[in-house]
Amino acid sequence: MTEKKHYYGIDWLRVMACCGIVMMHMMVNNTYQIPPKAWRIFNSFTSFTFLFMTISAFGMCAGYYEKVKQGKIDWANFYKKRYVKVLPFFAVMVLIDSLYNHDMQSLIEAVPNLTLTMGFFPNEICQIGVAWFLGLIFVFYAIFPLFCTLIYSKKSAWIFLGISLILNYVVRNFFEIGKSNITYSLPFFVVGGLVYLYREKIEKVKWYIMLPVTICSIAVFYLVGGNI
């Protein structure tokens, strides 16, 4: 296997998404006097969580997609790395919350949190605010072998994207399921896989072509509204 390539642009996307999400939480949890139009923009930064989903899928594909296709991956080591990377710090947060609240609900919710299985629960786990995203990501890790199979080729990846969009529409409109559920958020992960498959072609696109496309996309997002 050749040395892994580092995509520095992804680092900037992470920084942008982190700053946007922090700003959104600052606006929501404080009493700033902000004009309505500016409030709408700041509040929309919550959608950067979807960007993180796409980045996560792209990063996972960059690290493991070829290994999965070639059958050269140790799945026990794969999942061990996922837990070791996230669980220690998150477990400290769960422990602090349990000690602070010291009630039965905190102790019960600590079980799915400490096992990082909260994404498999039908009800929202409220103990830690960011837990829903970690739970969603770990569901994605769990289905990653199937995910790689469904994007085995560019054609199958586009078909998978179409199916995921239909699933998103169904659960959003008929089952009242939100972004913390993998079925709702699946299209954003699939997009990350598609970007990986087309990464070489995307790298060749000139900035003066991509910039106006990006600006127009942002304008459409705010003009249409309501549907990420």
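**Entry 1: a loop residue to start**

I began with Glu176, which is found in the loop between helix 8 and helix 9. A reminder to myself before going on: this is a predicted model. I looked up the backbone of Glu176 and found a phi near 55 degrees, a positive value in a residue other than glycine. Is Glu176 buried or exposed? Glu176 is exposed, with a relative accessible area of 78%.

**Entry 2: another positive phi**

I then turned to Leu116, in the loop between helix 5 (104-114) and helix 6. Leu116 is not a glycine, yet its phi is positive, about 55 degrees. For its surroundings I checked accessibility: Leu116 comes out at 1%, and since buried means under 20%, Leu116 counts as buried. So I have one loop residue that is buried, Leu116, and one that is exposed, Glu176.

**Entry 3: helix 3**

I followed helix 3 from end to end. Helix 3 has 23 residues, and its first and last C-alpha atoms are 33 Å apart, close to the 33 Å expected at 1.5 Å a residue. I also looked for a bend, and there is one of about 55 degrees at Tyr64. Just after helix 3 I met Gly71, with a positive phi near 65 degrees.

**Entry 4: helix 9**

Next I went to helix 9. Its 16 residues should span 22 Å at 1.5 Å a residue, and I find the end C-alpha atoms 21 Å apart, which agrees. Where does helix 9 bend? I found the bend at Phe188, by about 25 degrees. Helix 9 is mostly covered, with 13 of its 16 residues buried.

**Entry 5: the largest pocket**

I moved on to pockets. The largest pocket has a volume of about 1600 Å³. Its lining is made up of 38 residues, and those nearest the centre are Leu13, Leu51, Thr54, Val191 and Thr214. I asked which elements give two or more residues to this lining. They are helix 1 (8-28), helix 3 (48-70), helix 8 (154-174), helix 9 (182-197), helix 10 (199-203) and helix 11 (207-224). Helix 11 supplies the largest share, nine residues. Sorted by class, I get 26 nonpolar, nine polar and three charged residues in the lining of the largest pocket.

**Entry 6: the second largest pocket**

The second largest pocket holds about 1400 Å³ of space. I find 38 residues lining the second largest pocket, with Arg14, Phe52, Ser56, Phe133 and Tyr141 nearest its centre. Two or more lining residues come from each of helix 1, helix 3, helix 4 (75-101) and helix 6 (131-142). Which helix gives the most to this lining? Helix 3 does, with ten residues. By class, I noted 23 nonpolar, eight polar and seven charged residues in the lining of the second largest pocket. Helix 3 is worth a second look on screen: it is listed for the largest pocket and for the second largest pocket.

**Entry 7: salt bridges**

How many salt bridges are there? I count two, taking a Lys or Arg side-chain nitrogen within 4 Å of an Asp or Glu carboxyl oxygen.

One of them joins the side chains of Glu203 and Lys5, at 2.5 Å from N to O. Glu203 sits in helix 10 and Lys5 in the segment before helix 1, so this pair ties together parts that are 198 residues apart in sequence. I checked Glu203 for exposure as well: at 46% relative accessibility, Glu203 counts as partly exposed.

In the other, Asp11 pairs with Arg14, and the closest N and O atoms are 3.4 Å apart. Asp11 and Arg14 are three residues apart in helix 1, which means about one helical turn separates them. Asp11 is partly exposed, with a relative accessible area of 29%. Arg14 is also partly exposed, at 35% relative accessibility. I had already met Arg14 in Entry 6, among the residues nearest the centre of the second largest pocket.

**Entry 8: Tyr83**

Last, I looked up Tyr83, which has its place in helix 4. Tyr83 has a relative accessible area of 31% and is partly exposed. How far is Tyr83 from Pro145, in sequence and in space? I find them 62 residues apart in sequence and 17 Å apart in space, C-alpha to C-alpha.

Note on methods
Residues are numbered from 1 along each chain as its sequence is written. This is a predicted model: local features need pLDDT of at least 70, side-chain atom pairs count only at pLDDT 80 or more; totals for chains, interfaces and linings use all residues. Side-chain values use heavy atoms; hydrogens and water are left out. On a 1 Å grid over the protein atoms alone, a cavity is a set of points where a 1.4 Å probe fits but cannot get out, and a pocket is an open set with protein on both sides within 12 Å along at least five of seven lines; lining residues have an atom within 4 Å of a point. Grid points are joined across faces, edges and corners, and a volume is the space filled by probe spheres set on the points. Helices (H or I, at least four residues) and strands (E, at least two) are DSSP runs, numbered from the N terminus. Ala, Val, Leu, Ile, Met, Phe, Trp, Tyr, Cys and Pro count as nonpolar, Asp, Glu, Lys and Arg as charged, and the others, Gly among them, as polar. The expected span of a helix is 1.5 Å times one less than its number of residues. The bend at a residue is the angle between axes fitted to the seven residues ending there and the seven starting there. Buried means under 20% relative accessible area, exposed over 50%, partly exposed in between (1.4 Å probe, protein chains only).
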